[in-house]
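Reader: Could you take a close look at the cysteines of this model and set them in the context of the whole chain?

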Amino acid sequence: HEAAGVVEKLGPNVKNLKVGDRVAIEPGVPCRMCGYCKEGTYNLCPDMQFCATPPVHGNLAKYYVHAADFCYKLPDNMTLEEGALMEPLAVGVHACQRAGVCLGKKVLICGAGPIGLVNLLTAKAMGASEVVITDIMDNRLEVAKSLGADHVYKVKMGAKAEDMAQDIKNILGGTGAHVTIECSGVESSIRFGIFSTRSGGCLVLVGLGRPEVTLPIVNAACREVDIRGIFRYANCYPKAIDLVASGR
């Protein structure tokens, strides 16, 4: 469901595109009629038709038919490959918006895989003053450092979440992260994320693991740590394209 393409043919009522336009394809098309759609949270539409989510087929094909209003024209300075990568970048944009990342915020990102990295890039572009990113693999942390991470932290297998959280607090000046973006979905990492988030901060769950996990929920509640989920994205493709086109 990560795709971009060149417009080959248009429906008779399409006004926003022309044949030959290069477009990024947002892979989910909602019903446009339900309450969620009308409120702008169309990613929660119960009748969403999303590429590669059965029974809907994916878009890895030479020709593909898609709703014109979910195709976004690419600027001349962007490649089709970059257009296809707007899909994971939109996840980062949505997560950082849900988390309230802005100028001066200190951010912890758990997991330096592809989604962790797009969250790193987005957080820096949105003004985060410091970003720490964690992983269990050195090569992933090296890539994160090359992409602008201020600090990298290798998770110690078997270490207590509370002890590692203290390490993060020390790195960030003693109080922890304003925002934690958890991208692994692993229970131990979510626990670590809660303990690493400063009181009054926000933890966003991006990674999806087991359907039920055990968490220090009283710790989060007593310290007013907001725990938020995200599901895909909504109204994020134009922002993602602007970030890349502007070089940010």
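Author: The cysteines come first below, and the chain around them follows.

This is a predicted model, in which local features need pLDDT of at least 70 and side-chain atom pairs count only at pLDDT 80 or more, while totals for chains, interfaces and linings use all residues. Residues are numbered from 1 along each chain as its sequence is written, and side-chain values use heavy atoms, with hydrogens and water left out.

A disulfide is a covalent bond between the sulfur atoms of two cysteines. Searching the whole structure for such pairs, with cysteine sulfur atoms within 2.5 Å as the criterion, gives zero disulfides. Cys96 is in no disulfide, and the nearest cysteine sulfur, that of Cys183, lies 8.7 Å away. Cys96 is also buried, its relative accessible area being 0%, where buried means under 20% relative accessible area, exposed over 50%, and partly exposed in between (1.4 Å probe, protein chains only). For Cys202, the closest cysteine sulfur is in Cys96, at 11 Å, which is too far for a bond; Cys202 likewise counts as buried, at 6% relative accessibility.

Turning to the chain around these residues, 45% of the 248 residues of the protein chain count as buried. Of the contacts in the protein chain (heavy atoms within 4.5 Å) with a separation of 6 or more, 62% join residues 24 or more positions apart. Along its principal axes, the C-alpha trace of the protein chain spans about 60 × 35 × 30 Å.
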